[in-house]
Amino acid sequence: MSDAILKVRDLYRTYDISGGLFRKASQLTAVKGVSFDVERGSTLAVVGESGCGKSTLARMLTMIDAQTSGSIEIDGLSMDISRTGISKEMRQKVQIVFQNPYGSLNPRQKIGHVLEEPLLLNTDMPSAERRDLALQMLEKGRPATGTLRPLSAHVLRWAAPAHRDCPRHHAEAGVAGAG
């Protein structure tokens, strides 16, 4: 028996493109006939040029978009969000981990709140218990003395570029001519 936690078979995703005055309606095929298995404990990398369907495939695998045809099986359960919807249990199992912390982490949000959010969404834990668990995670992730700070601490320490250009930020920083 296979130990695959993800099985994808003949996956397709097409989009209807509406017509216009001088153009007839058509279909765009974003993903065409993708099949693969991911075994427990292994990693799959999807690479390709811009516009080849990587993001569309990821959106289907994370149940953000429905497939047009084909099948997705996650941990033995068939997934087709257009027919069955998404259970809370499946939302907890399947989540996206973004590569770019600058696009993923909000520099204005406290790291404790970032760590508490999945607990708020996926558990019935009381607020105090979520806070304690978030503090435990922070303590566990604390770097040893003399090591570099983790990237997330660096990202969270700096304001986003749009914030640095706002007049209030200039006024707080004492920049001349700030309105």
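Start by selecting residues 69–74, strand β3, together with β4: in this predicted model the two pair in the antiparallel sense over three bridges. Zoom in on Glu-73 and you can pick out one of the partnerships, since its bridge partner in β4 is Ser-78.

Now widen the selection to the whole sheet. Four strands make it up, the sheet is open, and the order across it is β2-β1-β3-β4, with antiparallel pairing. Which strands stand at the edges? Colour 26–39 (β2) and 77–79 (β4): each of these has a single partner strand, so one side of each is left without a neighbour in the sheet. Turn the view to look along the sheet, and you'll see the twist, which averages 25° from one strand to the next.

Next, add helix α1, residues 54–61. This helix packs on the sheet and touches β1 (4–17), β2 and β3. If you draw axes, the direction of α1 makes about 120° with that of β1.

Keep α1 on screen and show side chains for the largest nonpolar core, which has 15 residues. Leu-6, Phe-36, Leu-57, Leu-61, Ile-72 and Ile-74 are the members that touch the most other members. The elements giving two or more residues to this core are β1, β2, α1 and β3.

Leu-57 is worth a click by itself. Leaving out residues up to four places away in sequence, what does Leu-57 touch? The list is Leu-11, Val-31, Val-34, Phe-36 and Val-46.

Time for a bit of backbone geometry. Select Asp-10, which you'll find in strand β1. Its phi is positive, about 50°, although the residue is not a glycine. Asp-10 is partly exposed, with a relative accessible area of 42%.

Then jump to Asp-75, in the loop between β3 and β4. Here too phi is positive in a residue other than glycine, with a value near 50°. Asp-75 is partly exposed, at a relative accessible area of 36%.

One more aspartate: Asp-80, in the loop between β4 and α2 (81–84). Is Asp-80 buried or exposed? Buried, with a relative accessible area of 12%; the cut-off for that label is under 20%. Show what surrounds it: not counting residues up to four places away in sequence, Asp-80 touches Gln-67 and Gly-85.

Leave the sheet behind and go to helix α5, residues 111–122. Select Gly-112, Glu-116 and Leu-119, which are buried. Look down the helix axis: these residues cover an arc of only 50° around it, which puts them on the same side of α5. Now bring in residues 127–140, helix α6, which is included in what covers the buried residues of α5.

Finally, zoom out and show the whole protein as a cartoon. There are nine helices and four strands to count, and along the sequence they follow the pattern β-β-α-β-β-α-α-α-α-α-α-α-α. Colour by burial and the buried residues come to 21% of the 179 in the protein. If you make a contact map, take the contacts with a separation of 6 or more: 54% of them are between residues 24 or more positions apart. Last of all, switch on the surface. The accessible area comes to about 13100 Å², and 55% of that belongs to carbon and sulfur atoms.

Definitions and conventions
Residues are numbered from 1 along each chain as its sequence is written. This is a predicted model: local features need pLDDT of at least 70, side-chain atom pairs count only at pLDDT 80 or more; totals for chains, interfaces and linings use all residues. Side-chain values use heavy atoms; hydrogens and water are left out. Two strands pair if DSSP finds at least two bridges between them. Axes are lines fitted to C-alpha atoms, for helices over the stretch in contact, and angles run from 0 to 180 degrees between N-to-C directions. Contact means heavy atoms within 4.5 Å. Buried means under 20% relative accessible area, exposed over 50%, partly exposed in between (1.4 Å probe, protein chains only). A nonpolar core is a set of buried Ala, Val, Leu, Ile, Met, Phe, Trp, Tyr and Cys residues joined through side-chain atoms within 4.5 Å. The arc is that of the directions from the helix axis to the C-beta atoms. Accessible areas come from the Shrake-Rupley method with a 1.4 Å probe; for residues, only the protein chains shown count as cover.
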